[in-house]
Amino acid sequence: MADDQHGLVFPSDEEGRRSTTAVGRAVVADALRPVDQVGARTAERETAWRGEYLLYFRRLVEAGLGSPGDALGIARAGLASLHERMRVLGDDGEVSLAAWPESGTSFDQVELEGTGERVDELLLPYRGDRLRGDEIRRQVDRWVEAGVVEPSVAEAVGAVLDNPEWLRLEGHTVAVIGAASEMGPLQALTRWGARIAAVDLPRDGLWDRVADTARAGAGTVVAPRAGAVPGADLLADVPALAHWLSEQPGTLVVGNYVYADGATNVRVSTAVDELSRRLLSSRDDVALAFLATPTDVFAVPGDAVAQATERYETRSRAAKTLGRPLRAASGGRLLRRPYAPGATPGVNDSLVPQQGPNYALAKRLQRWRATVARHEGATVSMNVAPPTRTRSVVKNRALAAAYAGAHRFGVEVFDPSTSNVLMAALLVHDLHTGGGPRHEHPWQDEAYAAAHGGLWRTAYAPRSALGLAALLGMGAARA
């Protein structure tokens with residue numbers, strides 16, 4: 001690992017190496033063990049983890065479908081394994097997360113009041129326009145008809161449109177962890193007049209962006225400060241951040257919007273999870289918020305399976321003619337049907353190999369925490385966000401090309417401005433409805449109000465069309 005080694009780190013072996021592969025493989029095996037011992041043994045013996053990890057992250061979903069208890073058992077075991085394995089590196093060596101020592105950091109608080117006019121209705125930027133009211137309803141209905149979002153998105157967005165006073169989130173403090181994130185809700189929430197506790201690294205450029213957003217908005221933004229520049233290092237400052245956030249007024253919403261490259265993504269996601277765990281144990285009014293990535297494995301409802309099956313079976317004659325030799329030449333890997341007809345639920349596998357096992361583990365960690373916290377009575381907002389042209393995506397040439405060609409397969413890739421507002425509106429809905437409807441099984445909670453961009457309802461298994469989408473989109477991506 002080339003990451004800067006401080007604070008929360010992967011454990012070291014006898015030779016001082018910190019293997020992300022060993023930890024990822026072991027955590028997945030531990031998560032599977034309560035319900036799928038064969039899968040657990042196979043995972044822990046896997047010798048080509050970086051090439052084969054996709055099979056096991058799919059198996060984690062499939063193994064949890066037997067009963068709600070199975071899904072909960074996997075989530076609990078996965079969280080316990082990661083927390084037991086990760087370490088905190090200090091002057092006296094490595095200790096467990098539970099024994100994370102105080103770093104000596106003590107935060108005071110910076111507070112900024114917005115000077116803009118509060119936006120008191122939902123306005124959705126979309127393709128150069130700003131939709132409002134019935135225009136938003138019609139656009140969401142078009143997305144539903146096209147299979148771009150689940151029908152429950154229309155239900156949730158409609159409730160926010162009917163209750164515009166919800167937007168201000170009166171009585172809440174939303175801790176936006178990863179405040180400068182492209183996919184985070186900072187801009188939308190400040191425009192609506194919310195109170196935000198903004199947490200990001202203490203770097204001038206990041207803080208300048210956060211401060212500019214705060215001043216342009218109509219809410220209140222507070223931030224921790226221990227030095228000249230506001231901010232906090234999640235890898236080192238979890239105990240101090242927990243103290244600071246525990247004193248924030250109103251219902252505290254801990255929103256996880258962090259992202260980093262490679263192994264650091266697992267480290268910062270684990271840090272936010274430990275921060276959330278501490279706050280949940282110290283306060284009885286903590287809600288959690290996450291954005292689930294669409295490029296993961298999800299159980300999906302029968303009507304999504306039915307629409308995808310119909311699209312596969314009614315595809316054009318040209319598509320059928322071209323598809324047969326491609327499937328034959330690729331050994332059945334290209335342009336496969338996405339589900340067995342009639343499956344309820346189906347399993348949508350939209351994992352992207354280029355994102356790697358560390359990304360998959362960081363995002364699965366968030367889903368596990370959402371499952372466990374919801375079961376234990378906390379309000380949880382976790383919605384699948386659409387594929388979005390963020391900087392972190394388009395800097396990967398293969399993903400940028402695939403996104404540019406995705407529309408040819410019925411997948412809509414969103415601009416960040418649209419995703420930001422849509423997902424912030426779903427967050428507002430969840431916080432005012434106790435996390436949305438409660439369902440019998442965790443997979444149904446994850447599927448509610450999912451804005452997957454069409455990946456769940458496309459005619460082909462997403463990964464079987466990824467290469468062709470990238471080929472077709474290569475010119476547009478270069479432009």
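Is Glu-412 buried or exposed? In this predicted model, Glu-412 is buried, with a relative accessible area of 14%. That value falls under the 20% limit for a buried residue. The side chain of Glu-412 meets that of Arg-127 in a salt bridge, with 3.5 Å from N to O. Glu-412 sits in the loop between α15 (397–405) and α16 (416–432), while Arg-127 belongs to the loop between β5 (123–126) and β6 (129–132), so this pair ties together parts that are 285 residues apart in sequence. The partner is in another setting: Arg-127 counts as exposed, at 63% relative accessibility.

Salt bridges are a good place to continue. Side chains of opposite charge can pair when their charged atoms come close. The count for this structure comes to 31 salt bridges. One of them joins the side chains of Glu-94 and Arg-18, at 2.8 Å from N to O. Here strand β3 (residues 93–96) supplies Glu-94 and the loop between β1 (7–9) and α1 (20–32) supplies Arg-18, so the bridge ties together parts that are 76 residues apart in sequence. Arg-18 is buried, with a relative accessible area of 17%, whereas Glu-94 is partly exposed at 30% relative accessibility.

Another salt bridge is formed by Arg-33 and Glu-44, whose closest N and O atoms are 2.7 Å apart. Arg-33 is located in the loop between α1 and α2 (37–44), and Glu-44 in helix α2 itself, so parts that are 11 residues apart in sequence are tied together. Both residues are partly exposed: Arg-33 has 31% relative accessibility, and Glu-44 has a relative accessible area of 38%. This pair also belongs to a network of salt bridges that links Asp-30, Arg-33, Glu-44 and Arg-85.

Aromatic side chains give a second set of links. The structure holds 9 aromatic pairs. In one of them, Tyr-126 and Trp-143 are arranged edge-to-face, with 5.3 Å centre to centre and 85° between the planes. Since Tyr-126 is part of strand β5 and Trp-143 of helix α5 (residues 133–146), the pair ties together parts that are 17 residues apart in sequence. Both rings belong to buried residues, with relative accessibility of 10% for Tyr-126 and 1% for Trp-143. Phe-409 and Tyr-460 form a further pair, with ring centres 6.1 Å apart and planes at 75°, so the arrangement is again edge-to-face. Phe-409 lies in the loop between α15 and α16, and Tyr-460 in the loop between α17 (442–447) and α18 (462–478); the two are 51 residues apart, and their pair links distant parts of the chain. Phe-409 and Tyr-460 are both buried. Elsewhere, ring pairs join Trp-49, Tyr-53, Tyr-56 and Phe-57 into a cluster. A charged group also meets a ring in this model: Arg-315 lies over the face of Tyr-312, at 3.9 Å from the ring centre.

Phe-57 leads from the aromatic cluster to the nonpolar interior. The largest nonpolar core has 95 residues, and Phe-57, Ile-177, Leu-245, Trp-368 and Trp-456 are those with the most contacts inside it. Beyond its neighbours within four places in sequence, Phe-57 is in contact with Val-28, Trp-49, Val-297, Leu-351, Pro-357, Ala-360, Leu-361 and Arg-364. Apart from the largest core lies another, of 59 residues, among them Leu-167, Met-183, Ala-287 and Ala-425.

Two strand residues round out the picture. Asn-256 lies in strand β10 (residues 251–256) and is buried, with a relative accessible area of 6%. A polar atom of the Asn-256 side chain lies 3.3 Å from the backbone nitrogen of Val-258. Not counting residues up to four places away in sequence, Asn-256 touches Ile-177, Ser-269, Val-272, Ala-289, Phe-290, Leu-291 and Gln-366. Of these, Ile-177 is also among the residues with the most contacts inside the largest nonpolar core.

Val-221 is found in strand β9 (residues 220–225) and counts as buried at 1% relative accessibility. Its contacts, leaving aside neighbours within four places in sequence, are with Val-110, Glu-111, Leu-112, Thr-190, Ile-196, Ala-198, Val-210 and Ala-214. Between Val-221 and Arg-278 the separation is 57 residues in sequence and 23 Å in space, C-alpha to C-alpha.

Note on methods. Residues numbered from 1 in each chain as written. Predicted model: local features only at pLDDT ≥ 70, side-chain atom pairs only at ≥ 80, totals over all residues. Heavy atoms only, no water. Salt bridge = Lys/Arg side-chain N within 4 Å of Asp/Glu carboxyl O. Helix = DSSP H or I, 4+ residues; strand = E, 2+ residues; numbered from the N terminus. Buried < 20%, exposed > 50% of the residue type's maximum accessible area, 1.4 Å probe, protein only. Polar contact = N/O pair within 3.5 Å; in protein donor to acceptor, adjacent residues only side chain to side chain. Contact = heavy atoms within 4.5 Å. Phe/Tyr/Trp six-rings, centres within 6.5 Å; stacked < 30°, edge-to-face > 60°. Lys NZ or Arg CZ within 6 Å of the ring centre and 35° of its normal. Core = buried A, V, L, I, M, F, W, Y, C linked by side-chain atoms within 4.5 Å.
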